[in-house]
Amino acid sequence: MSDDLEIPADHPVGDLREVTLRIPGELFFCETVSLPASLDREANAREFPSALDEWVRQLLDDPKFSPYPAEQLAWGIHLCENSGRIFVFAAPLIRLRQLGWQNLEFFRRVFPSFVSLLGEQRERSQAEFLLCGDTLSIACFDAGSSAPSELLSLPVEAEDEDSVNRAKARLLAQVDAARFEVLPDTRIAGEVHRADDGSFVFDHRLMQGESEDGEDLPEDSEGVVRMGAEELWRHDLRPPEFKVRERSRRRQERSRWKALKISALAALLLACCFVGLKIAESRLLSFEREVQEMARQVPLVLDSQKLLEKLRQNKLGGIDPFLTINRVAEHRGGNLSSDDPAVWFSKAHFETRNQVKLEGEGKNVAAVNDFIGKLESLGIARIRTGRSGDEKSKIKSGGGKTTFEVELEMSEESPVSESPNSGQPG
């Protein structure tokens, strides 16, 4: 935005709040004074800014210092803490209104055109030129100071090289140039933008010799000036009361914006969690359906296993209950020839070719144990165990009667140690 551009009355206020306005330097009178001993920053750092503003206001109200009282001026200051000097600059509000600069409270920042000259502390005494819009300024700095001891500005036609050169000669004639090293290159003010850390970056180009180079300088060169946001509030031309309110309002806006971003992030996280839960719920339902389907398949699998087992047994010759009964019957004990065994069977159930469940009675518990023990010791069969590891064998005795149930796993081959009477029914 050009510095001498008038703002239309119907210009959106929201757009102006993003504009940094720079007012031509020739409208300002400038003076450099020493920081009074009564303003001790270290003694009272909290109250120092307001005390400094009040002291400058009183200084401007002094007719010997200013032709206008403070309330009729747009003014700002630059404090160089290294040299203890204050650079005061002010412009009559009525003059600004006549030229179209009004409603300054709508802008983001309002500076004089020479503000970017105040952001650096010079190591040696020097004078340098700054061309901002159609205003040429010269600032003279003592060594070790960022507050100019002299600063003058003149209007020029920026596109007319002769106009710029004539203004340079006039400005040099008005300052004590012999005390300072005059830099040959003229800074040309470019865009100003706010960095992510809150500071302001002023871009410059150089008019080298007497002709414009035209290329932007890299950020590490003298063509770029970075100034802190808090420091620049002193350079702002609006009243101190407004700046206090505006700073508070902007802090609240930043806090609200930060809270809004946090809320949006939290909402996004909640949405992600909700979607994640829905996905997990869907997968869980899918898993449950798979489990149910697998559960429905278990009987089919068991039936298939039984069928395979039966096919395997048929391949081996099928179930031969008579052979199995004969193999275990001859070890029942007692007098088998006179049909007086110690153990006799009442029921036999074959699960497979090699698995049989026997139920029966015995003369006593010892007879039943002897019968089962012989089967195991001779390798004819072994007692089956359940999932818990307990043997599937029960013996009950009472009322003069002993009964038993036992599940046996028969060996496939008849061991050589079996009795020669094997195969004869008991």
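**Notebook: cores, a pocket and a helix**

I began with burial: 37% of the 426 residues of the protein chain count as buried (under 20% relative accessible area, with exposed over 50% and partly exposed in between, 1.4 Å probe, protein chains only). I note that this is a predicted model, where local features need pLDDT of at least 70, side-chain atom pairs count only at pLDDT 80 or more, and totals for chains, interfaces and linings use all residues. Residues are numbered from 1 along each chain as its sequence is written, and side-chain values use heavy atoms, with hydrogens and water left out.

Next I looked up the elements. The protein chain has eight helices and 19 strands (DSSP runs numbered from the N terminus: helices are H or I, at least four residues, and strands are E, at least two). I then checked contacts (heavy atoms within 4.5 Å). Among those in the protein chain with a separation of 6 or more, 59% join residues 24 or more positions apart.

Then I turned to the largest nonpolar core (buried Ala, Val, Leu, Ile, Met, Phe, Trp, Tyr and Cys residues joined through side-chain atoms within 4.5 Å). I found 26 residues there, and Ile 23, Phe 28, Leu 96 and Phe 114 have the most contacts inside it. Strands E1 (20-23), E3 (73-80), E4 (85-92), E6 (126-132) and E7 (135-141) each give two or more residues to this core. E4 gives the most, with three.

I followed Ile 23 further. Leaving aside neighbours within four places in sequence, Ile 23 is in contact with Phe 28, Leu 96, Trp 101, Val 110, Phe 111, Pro 112, Ser 113 and Leu 237. Another core lies apart from the largest one; it has 18 residues, including Val 368, Ile 372, Ile 383 and Phe 404.

I also looked at helix H7 (residues 321-329). Its buried residues are Thr 324, Asn 326, Arg 327, Val 328 and Ala 329. They pack against strands E15 (343-350), E16 (355-362) and E19 (401-410), and against helix H8 (365-377).

My last stop was the second largest pocket. Its volume is about 420 Å³ (the space filled by probe spheres set on grid points, which are joined across faces, edges and corners). A pocket is an open set of points on a 1 Å grid over the protein atoms alone, where a 1.4 Å probe fits, with protein on both sides within 12 Å along at least five of seven lines; lining residues have an atom within 4 Å of a point. Of the 13 lining residues, Pro 49, Ser 50, Asp 53, Val 244 and Arg 247 are the closest to the centre. Helix H6 gives the most to the lining, with five residues.
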